[in-house]
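Got the viewer open? Let's take a short walk through this one, one selection at a time.

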Amino acid sequence: MTDPKQIPHLINLLDDDSREIRDEVYGRLVEFDRELLEREVRNSCELLNDEHKEHLQRIFDDHALIDLKQQWP
């Protein structure tokens, strides 16, 4: 797992010009525990632009889908 201290840096890379970097960053952020990631986002929400927020919403949606699949009988 990636170091949680890297979350703010990774979030800043979500709007990088390189698709490969964005994909890598997305994958690393999805690996974090949802609650930890949400807490870090709340702590830095004033620094987020609209593009960051859109990417983060996709990550949270993916987390919700993973949780649902794990709970589904």
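Start by colouring by confidence, since this is a predicted model. Mean pLDDT bottoms out in α3 at 89 and peaks in α2 at 93. Across the protein the average is 89, and 99% of the residues score at least 70.

Now select residues 50-71. That's α4, a helix of 22 residues. From its first C-alpha to its last it reaches 31 Å, close to the expected 32 Å. Zoom in on the N-terminal end and add N49, which caps the helix there. One of its side-chain oxygens sits 2.9 Å from the backbone nitrogen of E51.

Next, show side chains for H52, H55, L56, I59, F60 and H63. Are they buried or exposed? In α4, these residues are buried. They end up on the same side of α4 because they span an arc of only 140° around its axis. Swing round to the other side and pick D50, E54 and K69, which are exposed.

What lies over the buried residues of α4? Bring up α1 (7-12), α2 (19-31) and α3 (34-43), which are among the things covering them.

Then go for the largest nonpolar core, which has 15 residues. Select I7, I11, L29, F32, L37, V41 and L56, the members that touch the most others. The elements giving two or more residues to this core are α1, α2, α3 and α4.

Last stop: centre on V41. Leaving out residues up to four places away in sequence, V41 touches I11, L48, L56 and F60. Two of those you've already met on the buried side of α4: L56 and F60.

Definitions and conventions:
Residues are numbered from 1 along each chain as its sequence is written. This is a predicted model: local features need pLDDT of at least 70, side-chain atom pairs count only at pLDDT 80 or more; totals for chains, interfaces and linings use all residues. Side-chain values use heavy atoms; hydrogens and water are left out. Helices (H or I, at least four residues) and strands (E, at least two) are DSSP runs, numbered from the N terminus. The expected span of a helix is 1.5 Å times one less than its number of residues. Buried means under 20% relative accessible area, exposed over 50%, partly exposed in between (1.4 Å probe, protein chains only). The arc is that of the directions from the helix axis to the C-beta atoms. Contact means heavy atoms within 4.5 Å. A polar contact is a pair of N or O atoms within 3.5 Å; within protein, one must be able to donate a hydrogen and the other to accept it, and residues adjacent in sequence count only if both atoms are side-chain atoms. A nonpolar core is a set of buried Ala, Val, Leu, Ile, Met, Phe, Trp, Tyr and Cys residues joined through side-chain atoms within 4.5 Å. pLDDT is the predictor's confidence in each residue, from 0 to 100.
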